[in-house]
Amino acid sequence: MTAKIVNLDPVTPVTPAPVRRVVGPPPPPDVLLDVRGLKTYFHVMDGTVPAVDGVDFQLKRGETLGLVGESGCGKSVTSLSIMRLIDIPPGEIVAGEIWFDGQEILSMPMSQMRKIRGSDMSMIFQEPMTSLNPVFTVGNQIAEAVKAHRDVSGREAWSRAVEMLEAVGIAAPKRLAKQYPHELSGGMRQRVMIAMALSCDPKLVIADEPTTALDVTIQAQILELIKALQERTGAALLLITHDLAVVAETVQRMAVMYAGRIVESGPVEDVLLRPQHPYTLGLLSSIPALHKRGRQLDVIKGVVPNPFRMPAGCKFEPRCPYAWDRCRQSDPELLAIPGGDVRARCYLHSPEGASRLAEFERVSVATVADETL
Ligand SMILES: Nc1ncnc2c1ncn2[C@@H]1O[C@H](COP(=O)(O)OP(=O)(O)O)[C@@H](O)[C@H]1O
Ligand code: SF4
Ligand SMILES: [Mg+2]
């Protein structure tokens with residue numbers, strides 16, 4: 001006999017219980033963040049947008065990872081899924097596991113997640129004005145963040161706020177703590193956000209395009225600051241950016257995203273000097289090298305696929321100069337590249353691609369040499 005759900009209260013509709021996630025074994029203790037098969041979709045008027053469609057990566061304690069890719073590839077949705085800040089609806093985390101500091105956080109009650117967010121895991125957003133409250137002084141806001149997660153008095157929280165403002169390079173921290181966000185420049189506001197994000201000694205900091213809204217000289221200072229604080233505190237850093245130069249200067253490992261998936265990952269110097277995926281190579285060729293200034297940018301031909309009509313095979317196939325029949329049949333897995341720690345989602349690295357791989361490698365070596373001349 002099948003069980004029937006009986007609604008005893010005719011006013012409240014019956015909502016099905018959330019689907020229990022299949023949770024696998026925890027990662028080894030040195031892995032702080034383990035994202036496995038993450039899928040976050042948005043249900044909109046025209047259909048479903050698979051914004052993140054099977055993302056896997058790991059971040060070890062104290063490690064720095066850059067997540068790069070063109071606008072719209074799913075970087076922010078990945079980070080918001082880790083923070084569990086996706087608006088449901090229209091969003092939905094349809095599959096996957098996220099392990100953070102030994103616990104699977106997608107199956108955790110929201111009350112427990114709130115304790116982690118802002119203390120063990122914190123985020124620096126692109127535009128600090130949207131995250132700072134205009135009606136409170138910045139000192140107050142940092143102190144409140146400290147009080148929310150630590151058992152401290154108001155006075156102790158205020159001293160922590162001043163101490164953090166000093167740590168992010170603010171010259172007169174006591175005076176600045178009494179100022180309101182609108183009284184500060186964009187660079188100063190971003191320093192305040194960094195102070196707030198680091199105020200509870202997080203184990204993980206997620207910085208989503210933290211310098212994009214700032215002018216170039218301030219960008220460099222803020223990146224230096226994030227890097228220095230990360231080294232001093234030993235926090236792991238997930239740095240999201242569309243800028244390969246930022247990644248090259250700031251992080252140890254990188255992951256390249258395309259159409260909601262990671263297409264290549266590995267140590268920064270390996271990925272940037274010996275790219276293994278045609279998309280990574282395309283991104284590298286689009287950087288204006290010094291000697292090329294004034295020349296037309298070599299942008300990747302074609303456009304990002306329509307989210308409602310994703311190619312059945314490799315998502316990069318319509319734009320890929322190396323594509324062949326195999327690429328149209330199914331989407332490749334992330335394949336380990338022999339002799340290192342790089343993985344690439346491309347059939348060139350499967351036995352069937354062997355005859356084509358040599359030509360790709362010839363172009364890849366020539367392109368990287370051209371960029372670094
Ligand atoms: N609230 C939303 N509703 C519908 N679609 C969304 C929403 N947020 C993000 N998306 C879609 O998800 C995709 C990935 O977005 P995002 O992660 O913000 O990209 P980016 O890599 O630039 O950070 C985009 O196609 C975007 O349109
Ligand atoms: S699998 Fe095929 S289409 Fe996709 S990136 Fe590799 S060569 Fe290009
Ligand atoms: Mg974004």
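**Exercise 1. Find which residues of this predicted model come closest to ligand 1, and which elements supply the residues around ligand 1.**

Solution. Begin with the shell itself: ligand 1 is surrounded by 16 residues, and the closest are Phe42, Ala51, Lys75, Ser76 and Val77. Next, look for the elements that give two or more residues to this shell, which are strand E1 (31-44), strand E2 (47-60) and helix H1 (75-83). Helix H1 gives the most, with three residues. Finally, sort the shell by class, which yields eight nonpolar, six polar and two charged residues.

**Exercise 2. Decide whether H1 is mostly covered or mostly uncovered, and describe the residue that follows H1.**

Solution. Counting along the helix, seven of the nine residues of H1 are buried, and H1 is thus described as mostly covered. The buried residues are Lys75, Ser76, Val77, Thr78, Ser79, Ser81 and Ile82. The helix is followed by arginine 84, which lies in the loop between H1 and E4. Arginine 84 has a positive phi of about 55° although it is not a glycine. Because it has 18 C-beta neighbours inside 10 Å, arginine 84 counts as partly exposed.

**Exercise 3. Locate the cis peptide bonds that involve proline 89.**

Solution. Take first the bond from isoleucine 88 to proline 89, which is cis with omega near -20°. Then take the bond that joins proline 89 and proline 90, which is also cis, with omega about 5°. As for their place in the chain, proline 89 is found in the loop between H1 and strand E4 (91-100), and proline 90 belongs to the loop between H1 and E4. As background to these bonds and to the positive phi treated above, most residues other than glycine have a negative phi, and most peptide bonds are trans.

**Exercise 4. Work out whether isoleucine 240 is buried or exposed, and name what isoleucine 240 touches.**

Solution. Isoleucine 240 lies in strand E8 (residues 236-241). Because 25 other C-beta atoms lie within 10 Å, and 20 or more are needed, isoleucine 240 is buried. Leaving aside residues up to four places away in sequence, isoleucine 240 touches Leu67, Lys75, Ser76, Ser79, Ala207, Asp208 and Glu209. One of these partners, leucine 67, stands 173 residues apart from isoleucine 240 along the chain, yet their C-alpha atoms are separated by 4.8 Å. Another partner, glutamate 209, lies in the loop between strand E7 (204-208) and helix H8 (216-233). The phi of glutamate 209 is near 45°, a positive value in a residue other than glycine, and with 20 C-beta neighbours inside 10 Å glutamate 209 counts as buried.

**Exercise 5. Determine how H4 and H7 pack, and which residues meet.**

Solution. Helix H4 (residues 138-149) and helix H7 (residues 186-198) pack at an angle of about 20°, with their axes 9 Å apart. Since angles under 35 degrees count as roughly parallel, H4 is roughly parallel to H7. The crossing of H4 past H7 is right-handed. At the contact, Val138, Gln141, Ile142 and Ala145 in H4 meet Val192, Ala195 and Met196 in H7. Divided by class, the residues of this contact are six nonpolar, one polar and no charged.

**Exercise 6. State which residues come nearest to ligand 2, and sort the shell around ligand 2 by class.**

Solution. Of the 13 residues around ligand 2, Cys314, Cys320, Ala323, Cys327 and Cys346 come nearest. The shell around ligand 2 has 11 nonpolar residues, one polar and one charged.

Methods. Residues are numbered from 1 along each chain as its sequence is written. Chains are lettered from A and ligands numbered from 1 in the order in which they are written. This is a predicted model: local features need pLDDT of at least 70, side-chain atom pairs count only at pLDDT 80 or more; totals for chains, interfaces and linings use all residues. A residue is near a molecule or strand if its C-beta atom, placed from the backbone, lies within 6 Å of it. Helices (H or I, at least four residues) and strands (E, at least two) are DSSP runs, numbered from the N terminus. Ala, Val, Leu, Ile, Met, Phe, Trp, Tyr, Cys and Pro count as nonpolar, Asp, Glu, Lys and Arg as charged, and the others, Gly among them, as polar. Axes are lines fitted to C-alpha atoms, for helices over the stretch in contact, and angles run from 0 to 180 degrees between N-to-C directions. Angles under 35 degrees count as roughly parallel, over 145 as roughly antiparallel, 65 to 115 as roughly perpendicular and the rest as oblique. A crossing is left-handed if the near helix is turned anticlockwise from the far one by less than a right angle, and right-handed if clockwise. Two residues are in contact if their C-beta atoms, placed from the backbone, lie within 7 Å. A residue is buried if 20 or more other C-beta atoms lie within 10 Å of its own, exposed if 12 or fewer, and partly exposed in between; C-beta atoms are placed from the backbone.
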